[in-house]
Structures are given as structure tokens and as C-alpha cells.
Amino acid sequence: MRLTVNGRSLDTETQLSVQALVETLTEARRGVAVAVNGEVVPRSAWAAVPLAEGDAVEVLTAAQGG
Amino acid sequence: MLFDKSRLILGTGGANSLAALEEAIVAAETDLVTVALRRVDAAGPGLLPMLDRLGVRVLPNTAGCYTAGDAVKTAHMAREAFETDLIKLEVIGDDRTLLPDGVELLRAAETLVADGFTVLPYTSDDPILARRLADVGCAAVMPAGSPIGSGLGISNPHHIRLIRQSVDIPVVLDAGIGTASDAALAMELGCDAVLIASAITRSDDPAAMAAAMRHAVLAGRLAYTAGRIPRRFHALASTSDDGLAQW
């Protein structure tokens with residue numbers, strides 16, 4: 001399955017939930033937000049939402065900025 | 001309320017290190033600081049834990065957005081990430097001036113107010129646009145004194161005063177402050193608060209400049225509420241002529 005995660009291609013052999021993907025990217029929980037194909041996925045749904053072939057995922061967190 | 005504890009909002013952009021930023025936050029005695037949202041691989045760790053440790057509130061921004069659509073999406077991501085309805089709404093018109101695109105800004109503000117956000121828009125020093133932003137339900141307006149990071153101060157103080165008179169919501173001078181006297185002037189013009197990033201974080205000694213800004217905001221606010229004397233063309237003696245000796 002090929003995903004686009006934060007603008008980069010990611011090939012994965014296993015089915016991934018949003019939760020599982022986030023865990024590969026960051027240890028932080030608070031301060032992280034996820035959108036799949038432009039739609040925000042609430043944290044409460046991360047474990048239940050599976051990612052599908054071709055999904056574009058944005059995983060964002062706090063950065064310094066005025 | 002927005003400014004119960006401090007009338008100085010610190011922008012976290014521009015700091016050389018997290019340690020320098022932490023010192024500046026402490027010296028500023030602020031309880032509200034801005035953060036941006038970026039991809040996890042680019043953002044770097046440690047910012048949010050540090051802010052949590054200091055007990056300051058987070059004001060997420062939509063920095064880098066050029067359209068209402070992008071800003072609205074970013075705001076929803078920020079609400080999810082930081083569990084706050086506060087949003088510093090930025091919709092930029094071009095990358096040379098970083099001045100707001102008023103049309104897109106108003107559109108985004110209207111949508112986010114309807115979505116339940118407490119919207120604090122970064123706007124231009126246009127009193128009419130400020131009133132339109134207030135009319136759609138923004139919680140404050142944040143006019144630029146001059147372009148972001150320019151340090152040019154308040155280029156049109158008259159407009160800032162007009163904005164103060166045009167809206168019943170807090171006015172926060174955002175962008176352009178270069179040094180402490182600029183912050184004091186903003187407060188003397190009637191602003192409820194100032195938002196400062198570069199002037200502190202890019203100064204030679206951010207902690208010292210943060211302290212300077214804290215004092216300037218306090219002084220400017222006190223001067224505003226104390227009520228300044230009117231400007232006069234000619235002198236007005238402070239010493240009475242009564243009892244003056246005749247030689």
C-alpha cells in the first residue's frame with residue numbers, strides 16, 4: 001500500500017491505522033493533529049480509522065512561529 | 001478573559017534556541033504565546049513540553065496561509081492538536097510584505113466564528129476592515145503597526161487610534177514593533193495588548209528585551225489610563241506667578 005505522508009511516499013506491507021502511523025513518526029501525543037485527504041481526523045478516531053491506498057496524510061505539530 | 005494576567009503576547013518565531021525562547025518567555029511574564037503548526041519531521045521536539053512546564057497558554061496561528069481555505073483547515077488542525085478554540089488568524093497577501101489579504105481574511109474569520117473558534121485576526125491598520133472583522137464576531141483585532149519583522153514601529157498611529165474607536169473588542173498591536181518605545185506607544189494609543197516576536201527573539205539579548213517590553217507595556221497602559229495632558233502650541237507654566245517677588 002502506498003501512502004503520501006507529509007509530502008513523501010511511504011510504502012507499507014501491512015494495514016495501518018492513523019494511530020499506528022502516528023506512532024512511527026512521533027512519540028508526542030498532545031500537540032499532534034492528523035488530516036487524511038484534507039479532512040481532520042479527531043484523536044478519538046485515530047485507532048479506528050484505517051488508511052487506504054493512495055491516502056495523503058498530514059501529521060502536524062507545534063513549531064516556533066509568531 | 002484574554003488579558004487577565006499580561007498584556008504582552010509573545011510570538012515564539014525567530015528564537016535561536018528553545019533555551020533562549022524559554023528565558024524570554026519567563027522575562028516577559030506573559031501567559032499567552034503563539035505557536036505555528038508544521039509537519040512533525042520539520043517541527044522539532046520540545047516546544048510544547050516547555051510551554052506546558054512554564055504554564056503558559058498556547059495561541060496557535062495560521063502562519064503561511066495565503067487563502068481562506070488553507071487558513072480554515074489549519075485552524076481546525078490547531079484546535080485538534082492544542083485543544084483550544086483560540087486562533088490567531090493569518091491570511092497573507094504576498095511574501096514580500098507579509099501584509100494580510102483583507103478579502104480572504106474576512107472570509108476565513110466568518111467561517112471560523114461560525115465553527116466556534118475564538119478568532120484573533122492579524123489585520124492591516126485599516127479601521128473599516130477592523131470594524132468588518134468585529135461585525136462578523138471576531139474576539140479581537142490585531143492590526144499590524146508595520147510589516148512583520150520590519151521593526152519599523154507604528155507607521156500610522158492615527159489609524160491605530162481610529163481602530164480603537166471603531167470597535168468594542170480588544171485591539172492588539174501585532175507586527176512591526178522594533179523596540180520598547182514602540183510597545184509603549186501602542187498602549188498609549190489605547191491598544192489592549194501587543195504581540196511581539198522578532199523584536200524580542202531576534203534582539204541581541206532576548207531575555208533583556210522581553211523584560212524591556214514588559215515594562216513598556218505596563219508603562220504605556222498606565223499612561224493611557226492615567227490620561228495624558230493635551231498637546232499645546234505654547235508653553236503653560238507649571239509654577240504660579242502668585243507671590244512672585246518684585247525687584
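**Exercise 1. Work out how much of residues 5-239 of chain B is helix and how much is strand, then see what the record says about that stretch.**

Start with the secondary structure: over residues 5-239, chain B is 44% helix and 15% strand. Next, look at the two ends of the stretch, where the C-alpha atoms sit 40 Å apart. Keep in mind that you're working with a predicted model. Finally, check the annotation: an unreviewed UniProt entry puts the feature "domain: Thiazole synthase ThiG" at residues 5-239 of chain B.

**Exercise 2. Find out how helix 1 and helix 3 of chain B are oriented to each other, and which residues make the contact.**

Step one is the geometry. Helix 1 (residues 18-28) and helix 3 (residues 47-54) of chain B have axes that come within 11 Å and cross at roughly 25 degrees. Angles under 35 degrees count as roughly parallel, so that's what helix 1 and helix 3 of chain B are. The handedness comes next: helix 1 of chain B passes helix 3 of chain B in a right-handed crossing.

Now for the side doing the touching. Helix 1 of chain B brings Leu18(B), Leu21(B), Glu22(B), Ile25(B) and Val26(B), while helix 3 of chain B brings Leu47(B), Met50(B), Leu51(B), Arg53(B) and Leu54(B). Sort them by class and you get eight nonpolar, no polar and two charged residues.

**Exercise 3. Do the same for helix 8 and helix 10 of chain B: which way do they run, and what is in the contact?**

Axes first again. Those of helix 8 (residues 180-188) and helix 10 (residues 206-226) of chain B come within 7 Å, crossing at roughly 30 degrees. That angle makes helix 8 of chain B roughly parallel to helix 10 of chain B. Their crossing is right-handed.

On the helix 8 side of chain B, the contact uses Ala180(B), Ala183(B), Ala184(B), Met187(B) and Glu188(B). Among the partners on helix 10 of chain B are Ala212(B), Met213(B), Gly220(B), Arg221(B) and Tyr224(B). The class count for this contact is 10 nonpolar, one polar and two charged residues.

**Exercise 4. Lay out the open sheet of three strands in chain B and say which strands stand at its edges.**

Write down the order: 4-5-6, with parallel pairing. Then look for strands with a single partner. Strand 4 (86-89) and strand 6 (142-143) of chain B fit, so each has one side left without a neighbour in the sheet.

To finish, zoom in on one pair. Strand 5 (residues 118-123) and strand 6 of chain B pair in the parallel sense over two bridges. Here Thr123(B) stands opposite Pro143(B) in strand 6 of chain B.

Note on methods. Residues are numbered from 1 along each chain as its sequence is written. Chains are lettered from A and ligands numbered from 1 in the order in which they are written. This is a predicted model: local features need pLDDT of at least 70, side-chain atom pairs count only at pLDDT 80 or more; totals for chains, interfaces and linings use all residues. Side-chain values use heavy atoms; hydrogens and water are left out. Axes are lines fitted to C-alpha atoms, for helices over the stretch in contact, and angles run from 0 to 180 degrees between N-to-C directions. Helices (H or I, at least four residues) and strands (E, at least two) are DSSP runs, numbered from the N terminus. Angles under 35 degrees count as roughly parallel, over 145 as roughly antiparallel, 65 to 115 as roughly perpendicular and the rest as oblique. A crossing is left-handed if the near helix is turned anticlockwise from the far one by less than a right angle, and right-handed if clockwise. Contact means heavy atoms within 4.5 Å. Ala, Val, Leu, Ile, Met, Phe, Trp, Tyr, Cys and Pro count as nonpolar, Asp, Glu, Lys and Arg as charged, and the others, Gly among them, as polar. Two strands pair if DSSP finds at least two bridges between them. UniProt positions are given in the numbering used here, feature names are shortened, and annotations may be inferred rather than shown by experiment.
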